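User: I should like a close look at one part of the model shown here. Please then place that part in its wider setting.

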Amino acid sequence: MTDESKTALITGASRGFGAAVAEELSTLGYHIIAVARTTGALEELDDRIQGKGGAATLVPMSITDELSIQRLCLAIYERWGGLNLWVHAAIHAAPLSPAPHVDAKDWEKTCDTNITATARLIPNIDPLLRARCGIAVHIHDPQAGRKFFAAYGSSKAAQKAMFDSWIAEETPGSAKVVSFTPNPMPTATRARFFPGEDRSLLADPRDEAKRLINDLL
């Protein structure tokens, strides 16, 4: 059964690693607050969570909308009073290209989603985590400096730098902050980056979700 006093916010929850984490946490009694843009994928996640005896609140929204972030965090505070866990798995994966040919619109969307939205989420979510001595988890993907990864790689490096600073600033009473790097998984994002690779050699997202949760809890 779900204990609504234990809350986990998953940004980027509809597919891939975010969905795997949401499902695994739901089996441990967490009420899942699942955020993603795609309503249909969120509903499919909800069906799987309910099938395992868990419960979720679905939040179809873009994390690039600052007002939506503020409304979400206020609603979480009013209903639950805080958060036990935030897992930030939301990303925008821009098409690969040589650094001199990064498309301006792709760059803007990459920065809006991976950097600016993260910078807005942190100050809005931090008080909710502090209220419960909660944990914030950044999902890292170390592609910075690789050929053709100028947009995605640099944005993920910037995202990690924000979380690393937050980690360094930890004091008694503050949220615990960690950065987690999953082993390569057969997600849709990776398929765009590495078409044709042998996906049977990649880690199962469910196993990586369990590894993260075992490290945290």
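Which residues is serine 68 in contact with, leaving aside its neighbours within four places in sequence?

Analyst: Serine 68 is in contact with Met61 and Ser62, once neighbours within four places in sequence are left aside; contact here means heavy atoms within 4.5 Å. The model is a predicted one, in which local features need pLDDT of at least 70 and side-chain atom pairs count only at pLDDT 80 or more, while totals for chains, interfaces and linings use all residues. Residues are numbered from 1 along each chain as its sequence is written, and side-chain values use heavy atoms, with hydrogens and water left out.

Serine 68 belongs to helix α3, residues 66-80. Helices (H or I, at least four residues) and strands (E, at least two) are DSSP runs numbered from the N terminus. With a relative accessible area of 18%, serine 68 is buried. The term buried means under 20% relative accessible area, exposed means over 50%, and partly exposed lies in between, with a 1.4 Å probe and protein chains only.

Met61, one of the two contacts of serine 68, also leads into the nonpolar interior. Met61 is among the members of a core of 25 residues, which also includes Ile33, Trp86 and Ala175 and lies apart from the largest nonpolar core. A nonpolar core is a set of buried Ala, Val, Leu, Ile, Met, Phe, Trp, Tyr and Cys residues joined through side-chain atoms within 4.5 Å. In soluble globular proteins, nonpolar side chains tend to be buried together.

The largest core has 31 residues, and Ile10, Leu25, Ile32 and Val137 touch the most other members. Two or more of its residues come from each of β1 (3-11), α1, β2 (30-36), α2 (39-51), β4 (85-88), β5 (135-139), β6 (176-180) and α7. Helix α1 gives the largest share, six residues.

Two of these core residues merit individual description. Valine 137 lies in strand β5 and is buried, at 0% relative accessible area. Neighbours within four places in sequence aside, valine 137 is in contact with Leu85, Trp86, Val87, His88, Phe163, Val178, Phe180, Leu212 and Leu216. Isoleucine 32, with residues up to four places away not counted, touches Ala8, Ile10, Ala22, Leu25, Ser26, Ile49, Ala55, Ala56 and Thr57. One of these partners, alanine 55, is found in the loop between α2 and β3 (56-60). Alanine 55 is partly exposed, at 23% relative accessible area.

Helix α1 also packs against two other helices. Helix α1 (residues 16-27) meets helix α7 (residues 205-216) at an angle of about 60°, with the axes 8 Å apart. That angle makes α1 oblique to α7. Axes are lines fitted to C-alpha atoms, for helices over the stretch in contact, and angles run from 0 to 180 degrees between N-to-C directions; under 35 degrees counts as roughly parallel, over 145 as roughly antiparallel, 65 to 115 as roughly perpendicular, and the rest as oblique. The crossing of α1 with α7 is right-handed, the term for a near helix turned clockwise from the far one by less than a right angle, anticlockwise being left-handed. On the α1 side the contact uses Gly16, Phe17, Ala20, Val21, Glu24 and Leu25, and on the α7 side Pro205, Arg206, Glu208, Ala209, Lys210, Leu212 and Ile213. By class, these residues comprise eight nonpolar, one polar and four charged. Ala, Val, Leu, Ile, Met, Phe, Trp, Tyr, Cys and Pro count as nonpolar, Asp, Glu, Lys and Arg as charged, and the others, Gly among them, as polar.

The second partner of α1 is α2: the two axes come within 9 Å and cross at roughly 25°. That makes α1 roughly parallel to α2, and this crossing is right-handed. Ala19, Ala22, Glu23 and Ser26 of α1 make the contact with Leu45, Arg48 and Ile49 of α2. The contact divides into four nonpolar, one polar and two charged residues.

Serine 14, another serine, is found in the loop between β1 and α1. At 12% relative accessibility, serine 14 counts as buried. Its contacts, with residues up to four places away not counted, are Ala19, Ala36, Ala41, Leu42 and Arg48. Ala19 and Arg48 also take part in the contact between α1 and α2.
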